[in-house]
Amino acid sequence: MFGSSDAGLKTALSDWDSEMGSTERLKDSTDTLLNGNRGDQEGAQRLARRLYHLEGFRRSDVAKHLGKNNDFSKMVAEEYLTFFEFTGMTLDQSLRSFLKAFALIGETQERERVLIHFSNRYYQCNPTVISSQDGAHCLTCALMLLNTDLHGHNIGKKMTCQEFINNLEGLNGGQDFPRELLKALHNSIKNDKLEWAIDGDELKKSLSELADNKDNKSITRISSGSNPFLDIAHDPNAAVYKTGFLARKIHADMDGKKTPRGKRGWKTFYAVLKGMILYLQKDEYKAEKALSEEDLKNAISVHHALSIKAVDYEKKPNVLKLKTADWRVFLFQAQSPEEMDSWIRVVNSVAAMFSAPSFPAAIGSQKKFSRPLLPATTTRMSQEEQLKSHEAKLKHVSTELAEHRSYPPDKKVKAKEIDEYRLKEHYLEFEENRYEMYVKLLREGVKELLIGKDGDAGLKKSQSSPSLNQEGQPAAAKVKRNTSERRPETPPKVT
């Protein structure tokens with residue numbers, strides 16, 4: 001949420017202080033944050049105490065001080081967590097207590113860091129309940145996602161207890177979590193949803209402050225309103241990989257449901273692929289211009305997406321088809337065949353390079369099919385690790401597809417079972433095509449393509465955008481997701 005300069009940070013802190021009507025200036029937090037690597041333990045303790053007791057802070061201010069990627073913020077978070085005593089409490093009880101104390105809002109990576117601090121504290125208080133800190137964090141994120149799946153506003157099949165258990169297979173340090181523990185957690189979230197400690201007016205004010213920051217250095221979010229993990233992070237400093245005019249037609253809504261006829265018309269936009277988000281703007285792109293609410297509303301995240309030539313659409317030339325992680329389908333008409341090919345390559349390259357590994361799901365043993373979880377966050381893997389991950393996933397999906405086809409349903413079974421079989425087959429076919437494309441691009445050297453060898457040499461990567469040379473990180477936080485674990489309808493034919 002902060003800009004990179006000290007001046008911008010100090011201004012932001014000053015603005016928050018005056019708006020909160022505090023009787024004292026935030027000298028402690030300003031001085032120490034500006035020297036984020038100084039290791040001022042006493043300053044961290046003072047700030048943590050004030051954050052916990054909300055002395056001069058709103059609940060919506062807390063997370064931004066806990067989730068920064070510097071030594072001082074880590075110390076503040078660790079001190080803040082000492083105010084919570086989780087010993088003897090279940091993970092869901094502890095998480096409920098934690099989330100009631102403040103508002104978990106902010107940029108995706110900041111929220112993840114806050115939850116890592118929570119998970120470490122829970123493990124510290126209960127070292128015999130879960131075998132590792134990574135396991136505690138994985139299970140914490142899984143509960144956040146389960147909460148949205150069971151209580152979100154989206155229509156679709158809700159995750160059963162068995163599916164919840166299957167999705168977490170092998171994620172407890174290579175072992176399974178205790179079955180009874182997962183059953184108890186699922187029942188707890190099912191019967192009593194997690195609540196966020198923030199009211200509507202306060203949330204609206206916080207998001208407005210983020211979006212209206214005068215120097216446009218804040219991180220705003222395209223919010224779902226139901227779970228912080230469903231937000232798409234909008235970073236003004238992300239890399240711009242491609243721009244140009246595109247005409248868009250919405251062909252299918254979430255889960256492959258065919259878009260109503262009145263909403264399928266063609267509209268022309270100036271498209272900007274920035275980071276992992278495709279922005280569709282009414283006006284030509286200007287780096288210094290803030291995005292409007294309409295721009296954010298039209299934005300499309302390309303994580304785990306696949307773009308191909310729309311060979312089954314013959315009404316217009318140069319049309320590509322984009323299928324997203326939540327199985328929405330868009331048609332885009334480019335201005336030339338070359339532009340169409342360029343958009344296809346760049347979109348697929350960004351998705352291949354930066355999409356985080358999917359959350360495992362058991363798709364072979366269930367009668368009722370559900371797509372696995374597809375995280376919206378940026379991968380932590382290096383390019384080489386990302387390629388190996390995609391190769392492993394391609395091999396797995398291809399094996400699943402072959403096994404699936406070797407056991408077709410009997411003609412005497414119910415129509416519903418045949419539909420389940422077809423849904424799963426369609427999913428596996430799509431995933432095989434997607435990972436084949438990702439592997440092909442990474443083997444060819446997607447890094448060179450993204451820094452300007454696709455005819456877009458003027459589009460340069462900035463330091464704050466997804467890294468092309470990221471170091472490998474622990475796989476504990478793979479479970480960020482959007483609403484992509486849903487039962488898709490039979491995909492409509494493109495017309």
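Eight bridges tie strand S3 to strand S4 (residues 267–274), and the two run antiparallel. Keep in mind that this is a predicted model. One spot to look at in this pairing is Ala-247, which sits opposite Thr-268 of S4.

S3 also has a partner in strand S9 (residues 329–333), again antiparallel, with five bridges between them. Here are some residue pairs that face each other across these strands:

| Residue in S3 | Opposite residue | Partner strand |
|---|---|---|
| Ala-247 | Thr-268 | S4 |
| Arg-248 | Phe-332 | S9 |
| Lys-249 | Leu-331 | S9 |

Now zoom out to the whole sheet. It's an open one with seven strands, paired antiparallel in the order S6-S5-S4-S3-S9-S8-S7. At the edges you'll find S6 (300–301) and S7, each pairing on one side only. Helix H13 (residues 337–354) packs on this sheet, touching S3, S4, S5 (277–281), S7 and S8, and its direction makes about 95 degrees with that of S3. Helix H15 (residues 415–444) packs on the sheet too, touching S7 and S8, at about 90 degrees to the direction of S7.

So how enclosed is S3 (residues 240–252) by the rest of the structure? Of its 13 residues, 11 are buried, so S3 is largely enclosed.

One loop residue deserves a look as well. Asn-318 lies in the loop between S7 (306–309) and S8 (319–323). Is Asn-318 buried or exposed? Its relative accessible area is 19%, and buried means under 20%, so Asn-318 counts as buried. Leaving out residues up to four places away in sequence, Asn-318 touches several others, including Phe-332, Gln-333, Pro-337 and Met-340.

Terms used
Residues numbered from 1 in each chain as written. Predicted model: local features only at pLDDT ≥ 70, side-chain atom pairs only at ≥ 80, totals over all residues. Heavy atoms only, no water. Buried < 20%, exposed > 50% of the residue type's maximum accessible area, 1.4 Å probe, protein only. Helix = DSSP H or I, 4+ residues; strand = E, 2+ residues; numbered from the N terminus. Pairing = 2+ DSSP bridges. Contact = heavy atoms within 4.5 Å. Axes fitted to C-alpha atoms, helices over the stretch in contact; angles between N-to-C directions.
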